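Me: I would like to go through this structure slowly, asking how each label is earned. Could you set each value beside its definition?

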Amino acid sequence: MAERKMQRQLVVDVADVPLREDVASIERGRYLFASRGCADCHGANGAGHTFINDLNGLLVHGSNLTSGAQ
């Protein structure tokens with residue numbers, strides 16, 4: 001049964017989310033990023049942040065949310 005479940009594929013329809021570039025939306029996004037702890041993982045500028053990199057090979061890195069290079 002586990003093997004059958006591992007092979008299962010689900011089809012999910014994904015709707016596009018319109019990009020909102022008006023000033024109010026950008027300011028709201030900036031506020032949410034700053035107030036919800038997003039910078040803890042993604043860095044102050046959203047370009048990503050490594051917060052665990054130990055000698056045993058554990059690497060935890062928040063992804064880059066910007067359109068620029070990391």
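**Labels and their cut-offs**

Reply: Let us begin with Leu65, which lies in the segment that comes after strand 2 (59–62), where helices (H or I, at least four residues) and strands (E, at least two) are DSSP runs numbered from the N terminus. This is a predicted model, in which local features need pLDDT of at least 70 and side-chain atom pairs count only at pLDDT 80 or more, while totals for chains, interfaces and linings use all residues. Residues are numbered from 1 along each chain as its sequence is written, and side-chain values use heavy atoms, with hydrogens and water left out.

Me: Which residues is Leu65 in contact with, leaving aside its neighbours within four places in sequence?

Reply: Contact means heavy atoms within 4.5 Å, and with those neighbours left aside Leu65 is in contact with Phe33, His42 and Gly46.

Me: Why does His42 count as buried?

Reply: Buried means under 20% relative accessible area, exposed means over 50%, and partly exposed is in between (1.4 Å probe, protein chains only). His42, which has its place in helix 3 (residues 38–42), has 18% relative accessibility and therefore counts as buried. Leaving aside neighbours within four places in sequence, the contacts of His42 include Phe33, Ala47 and Leu65.

Me: How do you know that Cys38 and Cys41 do not form a bond?

Reply: A disulfide is a pair of cysteine sulfur atoms within 2.5 Å. The cysteine sulfur closest to that of Cys38 is in Cys41, and because 8.4 Å separates them, they are too far apart for a bond. A search of the whole structure accordingly finds 0 disulfides. Cys38, at 25%, is partly exposed, and Cys41, at 31%, also counts as partly exposed.

Me: What makes the pair Glu27 and Arg30 a salt bridge?

Reply: The rule asks for a side-chain nitrogen of Lys or Arg within 4 Å of a carboxyl oxygen of Asp or Glu, and the side chains of Glu27 and Arg30 meet at 2.4 Å, N to O. Side chains of opposite charge can pair when their charged atoms come close. Both residues lie in helix 2, 3 residues apart, which is about one turn of the helix. By this rule the count comes to 1 salt bridge.

Me: How do you know whether the length of helix 2 agrees with what its residues should span?

Reply: The expected span of a helix is 1.5 Å times one less than its number of residues. Helix 2 has 13 residues and so should span 18 Å, and its end C-alpha atoms are 18 Å apart, which agrees. Helix 2 is followed by Gly37, whose phi is positive, near 80°.

Me: Why is Leu10 called exposed, and Thr50 partly exposed?

Reply: Leu10, found in the loop between helix 1 (2–7) and helix 2 (23–35), has 66% relative accessibility and so counts as exposed. Thr50, which lies in strand 1 (residues 49–53), has a relative accessible area of 37% and is therefore partly exposed. Leaving aside neighbours within four places in sequence, Thr50 is in contact with Leu59, Val60 and His61. The C-alpha atoms of Thr50 and Val60 are separated by 6.0 Å, although these residues are 10 residues apart along the chain.
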